[in-house]
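This report walks through helix packing, a strand sheet, salt bridges and backbone angles. Please keep the structure open while reading.

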Amino acid sequence: MTGGPDHSPFSSTFGEGGARTGVVLSHGFTGSPHGLRAWAEAFAAAGFAVRMPLLPGHGTSWQDLARTRWQQWHNALDEAYLDLDAQCDQVFAAGLSMGGALALRIAATRPVAGVVLVNPGLVLDDPRAPLAGILKLVLKSTPPISNDILKPGMDEGAYLRTPVAAAHELNKMFKDTVRLLPRVTAPVQVYRSTVDHVVSDSSIAALRRGLTHAPLELVRLENSYHVATMDNDADRIFQGSVDFINGLVPPASGSGSSSDNQEARHGQA
């Protein structure tokens, strides 16, 4: 790879013709849009409008992240969703790791058409997690959780330290998201690495238990670790998620404009 990581947000407009479909996309904890940029570009190449924000506290320093609250991460993605929703006939939510939990929060609180997740996190297995609220007072950071990638030479550009205060916020957000899972009704597609050194199967088990009103499709990745969007199975994720979305998008109709269709959709909400 050449050059440093690109932490900047990603945004794209609609392609020509077809339904006006949007995808709101979230990166993971201590990471940035750099780790998902190729995925965002694949969505854009498929003709989807894409919004991938840089979440507050990310892409700068771990000290900045230590000063943020989980609600700020959610609000940033929610604002990106609302931006797309004002223009689209349907919007999908997608994310990696913590970004998967944020995508599920959007699906639980907004009328998304579907959800695509890559190694989503919903449970912190670290035995120190319940004590993070106290530990943050005496321990500012721990070693990183970055670059769990099987493919040689890849760098997701995540922080070199993990702030304990932010881990405390992450744990609170995970618990609140699990509580919301029964509200998700849109189809969910999950790409799950068979070897993941960051997110354990406890998160997948929590997802299965919580999705009581949504169909779940689980796709196993045999040749990638946690950051699968930069790993050997990346192309499979990109093509599979585009196919998943296209399979849920209704055919474009000539019976009315997209603005007319939007008004009808929002009028039924």
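Helix 3 and helix 6 are oblique to each other. Their axes lie 8 Å apart and cross at an angle of about 60 degrees. That value falls outside the 65 to 115 degree range counted as roughly perpendicular, and it is not under 35 degrees, so the pair is classed as oblique. The model discussed here is predicted.

**Helix 3 against helix 6**

Which residues make this contact? Helix 3 contributes Trp70, Gln71 and Trp73. Helix 6 contributes Ala166, Glu169, Leu170, Lys172, Met173 and Asp176. Some of these names return among the salt bridges. Glu169 and Lys172 join Arg69 in one network, built from salt bridges that share partners. Asp176 has a salt bridge with Arg105.

**Salt bridges**

How many salt bridges does a search of the whole structure find? The search gives ten. Three of them are set out here.

| Pair | N to O distance |
|---|---|
| Arg51 and Asp83 | 2.7 Å |
| Asp64 and Arg67 | 2.5 Å |
| Arg105 and Asp176 | 2.8 Å |

Take Arg51 and Asp83, whose side chains meet in a salt bridge. Arg51 sits in strand 3 (residues 49-52) and Asp83 in helix 3 (residues 70-85), so the bridge ties together parts that are 32 residues apart in sequence. Arg51 is buried, at 12% relative accessible area. Asp83 is partly exposed, at 34%.

Next come Arg105 and Asp176, also joined by a salt bridge. This pair links distant parts of the chain, 71 residues apart. Arg105 belongs to helix 4 (residues 98-109), and Asp176 to helix 6 (residues 164-180). Are these two residues buried or exposed? Both are buried.

The side chains of Asp64 and Arg67 form another salt bridge. Asp64 has a relative accessibility of 27%, which makes it partly exposed. Arg67 is exposed, with a relative accessible area of 57%.

**The sheet**

What is the strand order of the open sheet? Seven strands line up as 1-3-2-4-5-8-9, with mixed pairing. Strand 1 (10-12) and strand 9 (216-221) are the edge strands, and each pairs on one side only. On average, neighbouring strands in this sheet are turned by 15 degrees against each other, direction ignored.

Inside the sheet, strand 2 and strand 4 (residues 90-96) run parallel. Six bridges join them. One bridge involves Ser26, whose partner in strand 4 is Gly95.

Helix 4 lies across strand 2, strand 4 and strand 5 (114-118). The helix runs at about 155 degrees to strand 4. That angle is over 145 degrees, so helix 4 and strand 4 count as roughly antiparallel. Helix 4 is also the element that holds Arg105.

**Gln189 in strand 8**

Gln189 is found in strand 8 (residues 188-193). Gln189 is buried, at 3% relative accessible area. With which side chains does Gln189 make polar contacts? One is Tyr191, at 3.1 Å. Another is Glu217, at 3.4 Å.

Further contacts of Gln189 can be listed once its neighbours within four places in sequence are left aside. They are Val115, Val116, Leu117, Glu217, Val219, Gly240, Ser241 and Phe244. Glu217 therefore appears both as a polar partner of Gln189 and in this contact list.

**Positive phi angles**

Which residue has a phi near 70 degrees? Thr30 does, and this is a positive value in a residue other than glycine. Thr30 is located in the loop between strand 2 (21-26) and helix 1 (37-45). Its relative accessible area is 2%, so Thr30 is buried.

Asn147 has a phi near 60 degrees, again a positive value in a residue other than glycine. Asn147 lies in the loop between strand 6 (141-142) and strand 7 (162-163). At 33% relative accessibility, Asn147 is partly exposed.

Key
Residues are numbered from 1 along each chain as its sequence is written. This is a predicted model: local features need pLDDT of at least 70, side-chain atom pairs count only at pLDDT 80 or more; totals for chains, interfaces and linings use all residues. Side-chain values use heavy atoms; hydrogens and water are left out. A salt bridge is a side-chain nitrogen of Lys or Arg within 4 Å of a carboxyl oxygen of Asp or Glu. Helices (H or I, at least four residues) and strands (E, at least two) are DSSP runs, numbered from the N terminus. Buried means under 20% relative accessible area, exposed over 50%, partly exposed in between (1.4 Å probe, protein chains only). Two strands pair if DSSP finds at least two bridges between them. Axes are lines fitted to C-alpha atoms, for helices over the stretch in contact, and angles run from 0 to 180 degrees between N-to-C directions. Contact means heavy atoms within 4.5 Å. A polar contact is a pair of N or O atoms within 3.5 Å; within protein, one must be able to donate a hydrogen and the other to accept it, and residues adjacent in sequence count only if both atoms are side-chain atoms.
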